[in-house]
Amino acid sequence: MRTLVRDILKSESEVGDILAQGWVRTRRDSKAFSFIELNDGSCLANVQVIADATIPGYEESVLKIQTGASVSIKGKLVASSGGKQKWEIHATEVEVLGHSHDDFPLQKKGHSMEFLRSIAHLRPRANLFGAVFRVRSRMAYAIHQFFQERDFIYVHTPIITASDCEGAGEMFRVTTLNGEQISAGKDEEDFFGKKTYLTVSGQLEGETFACALSNIYTFGPTFRAENSHTSRHASEFWMIEPEIAFCDLDADMQLAEDLVQYLVSDALEHCAEDLAFFGKFVDKGLFERLEFVKSRAFERVSYTEAVEILEKSGKKFEFPVKYGHNLQSEHERFLTEEHFKCPVTVYNYPKEIKPFYMRLNDDDKTVAAMDLLVPGIGEIVGGSQREERLDLLKANMAKHDLNEEDYSWYVDLRKYGTVPHAGFGLGFERLLMFVTGVANIRDVIPFPRVPGSAEF
RNA sequence: UCCUCUGUAGCUCAGUGGUAGAGCGGGUGGCUGUUAACCACUAGGUCGUUGGUUCGAAUCCAACCGGAGGAGCCA
């Protein structure tokens with residue numbers, strides 16, 4: 001039976017009979033034998049295989065192996081006499097399952113991230129990407145664990161939607177109409193009998209379930225048709241959106257902070273080898289930052305206080321700081337990277353700059369909104385307490401020029417047994433960037449979709 | 001949508017007006033318990049495309065195409 005390289009390397013004793021299968025990273029020949037570095041993706045490290053020239057078919061199989069070939073190796077696990085590894089396999093049989101080729105694009109030396117993106121089907125075989133996607137998998141697991149441990153119910157909100165959440169953000173149209181029919185506006189002849197889109201958020205649908213099951217979360221793909229060209233934006237990304245009934249903004253912020261700390265701790269505990277690789281080759285300050293986030297309370301500051309801090313900072317910003325305006329990226333970065341030097345939650349924003357569903361505070365000027373900012377990335381979480389009072393919600397919809405009929409089901413939640421509730425959205429890829437130190441969102445998602453590019 | 005940078009061998013890059021280069025990768029040979037192995041030889045390029053300036057353009061100019069970064073919007 002096959003043993004994964006991860007388990008082979010953790011072995012506590014020699015093994016007389018072992019089967020390893022994977023892809024060859026490199027081969028080095030000696031006069032009487034060859035070294036094969038075998039990787040199967042189960043961990044970052046390779047297992048070294050010694051293939052003696054006397055094994056059957058040595059010249060036809062082993063000496064023809066090129067980087068990238070898939071092989072099946074039987075042999076003995078023995079203590080290595082070389083310095084750099086504890087164990088190695090002395091092969092008794094090497095079967096090449098699939099040969100590689102001269103032009104296999106992944107080399108042992110450094111490649112640019114741009115080049116690796118162009119071979120997204122092969123880049124998981126590179127150390128960096130293997131590590132990224134193992135961490136991605138672990139973080140997805142830890143997210144479910146976090147919420148399930150706290151009695152949250154996982155809800156699958158729709159991917160095709162007829163509602164335009166937040167009334168903002170460009171959406172991808174989903175249609176079976178042809179160009180002429182679209183121009184003629186024959187939406188009623190479309191597949192669903194109306195205009196439909198790919199979801200930009202599961203929040204509104206999530207609220208309906210929170211107002212029945214109390215604590216829920218969604219975790220799935222989200223789509224934005226915005227023409228954003230930055231290292232932090234993708235057209236298709238994954239988002240985690242909890243929604244909690246009988247909950248106010250304070251508890252909402254606490255949950256977001258707990259979640260981020262939980263995930264960082266989980267990564268430190270379960271992805272140590274991969275994180276060490278990132279710490280060495282991607283982001284020298286990674287461990288310092290993660291340990292800091294794990295152990296220290298996050299800062300909290302109201303929007304009003306944040307504006308005061310920025311005004312008093314004496315720092316010259318490209319865009320002026322002004323109460324009533326959104327915080328610019330440079331302002332957010334100053335707060336989290338220079339002023340507090342740790343993650344910081346900014347809350348209670350002016351009502352004018354926030355969407356219709358956020359709860360109006362007693363000051364009648366601000367809404368119970370919050371953004372969690374982290375060094376290096378900026379906003380990683382955005383959330384709010386939702387407006388649960390029917391009259392105020394309706395008034396706010398009118399102010400935002402929203403058609404009440406389009407949101408009748410959303411309004412119904414306030415009509416029938418309304419409760420205070422709150423929630424937030426956590427960008428999964430942004431979290432991964434924070435945890436791995438990888439600087440570009442395109443490199444933490446398997447097949448990135450960005451404006452002008454949907455390869456593979 | 002706006003601003004900035006960038007495009008030279010399979011990959012990573014040097015070359016800034018005068019015969020197209022290195023390292024790695026590939027091939028061949030050698031050597032070695034090697035480990036981003038080492039040594040020698042070798043193949044490999046319409047310098048993103050088109051046009052212009054010039055005796056002469058990878059190099060200067062323009063447009064276009066591709067890639068990247070930033071802003072806005074947000075996750």
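Chain A folds into 13 helices and 16 strands, in a model that is predicted. Its C-alpha atoms fill a box of roughly 85 × 55 × 45 Å along the principal axes. Of its 456 residues, 50% count as buried. Looking at contacts with a separation of 6 or more, 67% join residues 24 or more positions apart. There's also an RNA strand, B, and 54 residues of the protein sit around it.

**The nonpolar cores**

- In soluble globular proteins, nonpolar side chains tend to be buried together.
- Here, the largest nonpolar core has 64 residues.
- Which of its members touch the most others? They are Met139, Phe147, Leu263, Leu275, Phe278 and Leu426.
- A second core, separate from that one, holds 30 residues, including Ile309, Tyr407, Tyr410 and Val411.
- Let's zoom in on Met139: setting aside neighbours within four places in sequence, Met139 is in contact with Leu263, Asp266, Ala267, Phe428, Leu431 and Leu432.

**Helix α8, a helix with two sides**

- Helix α8 covers residues 286-295, and its buried residues are Leu286, Arg289, Leu290 and Val293.
- Why do these buried residues line one face of the helix? Seen down the axis of α8, they fall within an arc of 95 degrees, so they share one face.
- On the face turned away from the buried side you'll find Glu288 and Ser295, which are exposed.
- The buried residues of α8 pack against three other helices: α6 (249-270), α7 (272-281) and α13 (428-436).

**Around RNA strand B**

- Of the residues around the RNA, Glu88, Arg224, Gln328, Arg430 and Asn440 come nearest.
- Sugar and phosphate make up 52% of the RNA atoms that come within 4 Å of the protein.
- Two side chains can be paired with phosphate oxygens of the RNA: a polar side-chain atom of Arg232 lies 3.4 Å from one, and an N or O atom in the side chain of Glu379 is 3.1 Å from one.
- Ile380 uses its backbone instead, with an N or O atom 2.8 Å from a sugar or linking oxygen of the RNA.
- Several elements give two or more residues to the surface near the RNA, among them β1 (15-29), β5 (87-98), α2 (113-118) and β11 (236-245).
- Which element gives the largest share of that surface? Strand β15 does, with 4 residues.
- By type, the residues of this surface divide into 11 nonpolar, 25 polar and 18 charged.

**Two residues to find in the structure**

- Ser384 belongs to strand β15, the element with the largest share of the surface near the RNA.
- Is Ser384 buried or exposed? Its relative accessibility is 0%, so Ser384 counts as buried.
- The side chain of Ser384 makes a polar contact of 2.6 Å with the side chain of Arg386.
- Not counting residues up to four places away in sequence, Ser384 touches Leu249, Asp252, Tyr357, Met358, Ala368, Ala369, Ala422 and Gly423.
- Glu95 sits in strand β5, and with a relative accessible area of 42%, Glu95 is partly exposed.
- Beyond its neighbours within four places in sequence, Glu95 is in contact with Ser70, Val71 and Ser72.
- Glu95 and Tyr58 are 37 residues apart along the chain, and their C-alpha atoms are separated by 9.8 Å.

How values were computed. Residues are numbered from 1 along each chain as its sequence is written. Chains are lettered from A and ligands numbered from 1 in the order in which they are written. This is a predicted model: local features need pLDDT of at least 70, side-chain atom pairs count only at pLDDT 80 or more; totals for chains, interfaces and linings use all residues. Side-chain values use heavy atoms; hydrogens and water are left out. A nonpolar core is a set of buried Ala, Val, Leu, Ile, Met, Phe, Trp, Tyr and Cys residues joined through side-chain atoms within 4.5 Å. Buried means under 20% relative accessible area, exposed over 50%, partly exposed in between (1.4 Å probe, protein chains only). Contact means heavy atoms within 4.5 Å. The arc is that of the directions from the helix axis to the C-beta atoms. A residue is near a molecule or strand if one of its heavy atoms lies within 4 Å of it. A polar contact is a pair of N or O atoms within 3.5 Å; within protein, one must be able to donate a hydrogen and the other to accept it, and residues adjacent in sequence count only if both atoms are side-chain atoms. Ala, Val, Leu, Ile, Met, Phe, Trp, Tyr, Cys and Pro count as nonpolar, Asp, Glu, Lys and Arg as charged, and the others, Gly among them, as polar.
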